[in-house]
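User: I'd like a close look at one part of this model, the place where the ligand sits. Please keep it simple for a first-year student.
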Amino acid sequence: MGRTASSPLRGVLTDGVRSATAAPSLHNSQPWLFRLWDRSIQLYADPSRRLDVLDPYGRELFISVGAALFTLRLALHGAGYVPRTEILPDPAEPNLVATVTAGEQTAPTPAVEALVAAIPRRHTNRWPFARSVVPADDVEKLVGAARREQAVLSVAGAVTRNAIINLSQSADRRLRAKGGYRAELTRWTAPATGRRDGIPPSAIGPWDALESLPLRDFGLMQPRLSRPSEEFEPYPTIMVLATRGDTPNDWVRAGQALQRTLLTATSLGLATTPISQPVEVPAIRDLLTDTGHGVWAQVILRVGYGRPAAATPRRPLDEVLLTDRSAERP
Ligand SMILES: Cc1cc2nc3c(=O)[nH]c(=O)nc-3n(C[C@H](O)[C@H](O)[C@H](O)COP(=O)(O)O)c2cc1C
């Protein structure tokens, strides 16, 4: 596990890694690895868990690792240490996404404690949401959360929302027709006893009876799965998370902003669903992106009030914590 600090701090760092693994990731691929080193945690992207068809450049892989990074920073803060973060610190090691060091001790603020409490309560929610409006104050808090992580979150007005839904549906059709898409989906949704990654049947959600929302159909390759059919909300609250650049650094930033936004939503009692098909088809992503102003769409979010969603499994710590003996870098 590397040269580590004294045991109390070592416990804090290990707990931080455990919290970080609760982060969302594309298809619950959990593409991260950690190493404890002195007062620091090194966070690596694991390219063997990249989705080749959906994510050939690793953009969503870095967003997922960015979400884990935000959770790690938050967990250290919650445990009373100021986190010192270096992003992509070594150009010779492109998979070393960040080093987070436990800095000076400080009491966590109530705001930090509220976000920490949301870590285990945040789940992707694929159920219908209530037909009620998200209050403007809460929307403002979500926008502010993304801004604190140097990202731009905008709420779609009625016209843009309809356009995004149409674009998402067309992206979904194109993806389903893409070679390898179904095989990749099968790989990440096939139920197996003891499986600790992927999307289990309990998290797939019902059929959208009117096919009004472009939620990814994780049941597509599970014909034996019996699912209720339900009507989804006709006017969902849709938000676009974007960054002012489109490099690995921006993807990590997008992931951190995504997780701060999702945890803020959870702490406000809001349910969330990331929707990423429209940003997985380059021609459609271009339509959501304003390169003239240097703003790249990274993730679409659906926000609202939903019934409780189930937790998905996570790989155990001994699978994600590198030891000195497994010293080879991913
Ligand atoms: C980059 C990224 C893209 C995602 N895209 C989608 C998506 O298109 N549709 C969806 O239902 N969930 C999406 N998710 C949510 C993941 O499927 C979810 O985080 C994962 O299954 C773990 O479940 P949890 O969020 O409930 O912990 C995405 C998550 C991330 C980080």
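How far does a polar side-chain atom of Arg-126 lie from an oxygen atom of the ligand? And what else surrounds the ligand?

Analyst: That Arg-126 atom lies 2.6 Å from the ligand oxygen, a polar contact (a pair of N or O atoms within 3.5 Å). Before we go on, this is a predicted model, where local features need pLDDT of at least 70 and side-chain atom pairs count only at pLDDT 80 or more, while totals for chains, interfaces and linings use all residues. Residues are numbered from 1 along each chain as its sequence is written, and side-chain values use heavy atoms, with hydrogens and water left out.

Back to the contacts. Ser-276 has a polar side-chain atom 2.7 Å from a nitrogen atom of the ligand, and a side-chain N or O atom of Thr-312 is 3.0 Å from a ligand oxygen. On its own the ligand has 620 Å² of accessible area (Shrake-Rupley method, 1.4 Å probe), and the protein covers 99% of that.

Now the wider shell: 21 residues are around the ligand, each with a heavy atom within 4 Å of it. Arg-122, Thr-124, Arg-126, Ser-276 and Arg-314 come nearest. By class, the shell has 7 nonpolar, 9 polar (Gly counts here) and 5 charged residues (Asp, Glu, Lys or Arg).

Where do they come from? Helix H2 (59-78) and strand E9 (271-275) are the elements giving two or more residues, as DSSP runs of at least four residues for helices and at least two for strands. H2 gives the largest share, 3 residues.

Definitions and conventions: A polar contact is a pair of N or O atoms within 3.5 Å; within protein, one must be able to donate a hydrogen and the other to accept it, and residues adjacent in sequence count only if both atoms are side-chain atoms.
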